[in-house]
Amino acid sequence: MTTPGNDADSDTDLLSAVRAGDTAAFGTLYERHHAAVRQFAYGLVRDPADVDDLAAETFAKVFATLRAGRGPLVAFRAYLHTTMRHVCYQRAKVDRRLEFTDDLTRYDAGEPYTDPALERLERAYAAAAFRQLPPRWRDVLWQTEVEGSTPAELAPRMGLTPNAVAVLAHRAREGLRSLYLQQHVTAADHPECRWAGERLGGQVRGRLAARDAHRMRTHLAWCAECRGRLAEIREVDGFRHTALRQRHHAGTHG
């Protein structure tokens with residue numbers, strides 16, 4: 001039986017213990033990762049009062065998942081962060097749909113309303129996706145989308161023809177959209193579900209190689225959970241444009 005404060009136990013050992021019914025093992029994981037999770041939460045919510053609430057809900061969801069025999073076998077902190085992003089995103093969607101106010105002027109026809117919490121989270125996702133791009137893709141996106149350079153202006157510096165620069169920029173935009181969608185995918189436990197989850201963004205954007213596309217279709221045919229995750233990010237893809245138009249201002253060039 002594990003005990004809180006026993007740092008000799010690895011996260012992997014503690015996760016196994018939690019699955020076996022050891023509640024104290026999860027207490028050890030909580031103490032070990034709570035500070036880092038709170039720090040991560042500060043990057044997702046504006047009101048400090050929401051930080052502890054978001055962290056508590058995240059830990060509760062992960063605990064319930066582990067007790068059900070699912071969830072991470074390794075990389076516990078990464079799984080916590082993924083779960084927190086998903087919780088925050090779902091909260092923002094609900095808050096956007098359920099807003100109690102006497103001021104209806106913002107909902108007049110022709111005046112779109114953007115939920116600040118959802119917009120902030122989407123910008124964080126877009127920035128994370130931008131940082132994952134290859135340096136050459138980041139460079140061409142920064143120059144074309146932020147600096148406003150044309151392919152013809154960039155061609156001499158990049159050693160390419162203007163048409164090649166335009167093609168590179170298109171590929172970079174598509175790569176960014178796929179990675180942006182991936183930010184919304186929660187981690188899975190089953191190896192095949194993990195494989196599929198890492199490629200759902202590419203599935204939505206039609207960017208999978210033929211062999212991977214066939215494997216994905218086969219997996220989705222029997223996995224209802226992954227079909228549900230695919231449906232979620234397809235919904236995200238439907239209103240991605242606002243966040244992606246602002247993506248580079250939230251990202252880090254380099």
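This passage describes the nonpolar cores, aromatic contacts and salt bridges of a predicted model.

The largest nonpolar core has 32 residues. Within this core, V140 and Y180 have the most contacts. Several helices give two or more residues to the core. They are helix 5, helix 6, helix 7, helix 8 (162–182), helix 9 (191–197), helix 10 (200–205), helix 11 (210–222) and helix 12 (224–238). Helix 8 gives the most, with seven residues. Another core lies apart from this one. That core has 23 residues, including L15, F26, L29 and L80. In soluble globular proteins, nonpolar side chains tend to be buried together.

The surroundings of L154 were examined next. L154 belongs to helix 7, which spans residues 151–158. The relative accessible area of L154 is 3%. L154 is therefore buried, as this value falls under the 20% cut-off. Leaving aside residues up to four places away in sequence, L154 touches V140, Q143, T144, S149 and V165. One of these partners, V140, is also one of the two residues with the most contacts inside the largest core. The C-alpha atoms of L154 and A166 are 9.6 Å apart. Along the chain, L154 and A166 are twelve residues apart.

Aromatic side chains were considered in turn. The structure holds five aromatic pairs. One pair is formed by F130 and W142. The two ring centres are 6.4 Å apart, and the planes meet at 45 degrees. This pair is tilted. F130 lies in helix 5 (residues 116–132), whereas W142 lies in helix 6 (residues 135–146). The pair therefore ties together parts that are twelve residues apart in sequence. F130 has 0% relative accessibility and so counts as buried. W142, at 16%, also counts as buried. Elsewhere, F26, Y30, F59, F63 and F76 form one aromatic cluster. F26, a member of this cluster, is also among the residues of the 23-residue core. A ring also meets a charge: the charged end of R215 sits over the ring of W195. The distance from this charged end to the ring centre is 4.0 Å.

Charged pairs complete the description. Side chains of opposite charge can pair when their charged atoms come close. The structure holds nine salt bridges. In one of them, R38 pairs with D52, and the closest N and O atoms are 2.5 Å apart. This pair links distant parts of the chain. R38 is in helix 2 (residues 23–42), and D52 is in helix 3 (residues 49–67). The two residues are 14 residues apart. Both ends are partly exposed: R38 has a relative accessible area of 23%, and D52 has 43%.

A second salt bridge joins E174 to R177. Here the closest N and O atoms are 3.1 Å apart. Both residues lie in helix 8, three residues apart, or about one turn of the helix. E174 is buried, with a relative accessible area of 11%. A network of salt bridges links E174, R177 and R205.

A further salt bridge is formed by E198 and R199. Their closest N and O atoms are 3.5 Å apart. E198 is exposed, with a relative accessible area of 56%. R199 is partly exposed, at 24%.

How values were computed:
Residues are numbered from 1 along each chain as its sequence is written. This is a predicted model: local features need pLDDT of at least 70, side-chain atom pairs count only at pLDDT 80 or more; totals for chains, interfaces and linings use all residues. Side-chain values use heavy atoms; hydrogens and water are left out. Helices (H or I, at least four residues) and strands (E, at least two) are DSSP runs, numbered from the N terminus. Buried means under 20% relative accessible area, exposed over 50%, partly exposed in between (1.4 Å probe, protein chains only). Contact means heavy atoms within 4.5 Å. Rings of Phe, Tyr and Trp (its six-membered ring) pair if their centres lie within 6.5 Å; planes under 30 degrees apart count as stacked, over 60 as edge-to-face and the rest as tilted. A charge sits over a ring if NZ of Lys or CZ of Arg is within 6 Å of the ring centre and within 35 degrees of the ring normal. A nonpolar core is a set of buried Ala, Val, Leu, Ile, Met, Phe, Trp, Tyr and Cys residues joined through side-chain atoms within 4.5 Å. A salt bridge is a side-chain nitrogen of Lys or Arg within 4 Å of a carboxyl oxygen of Asp or Glu.
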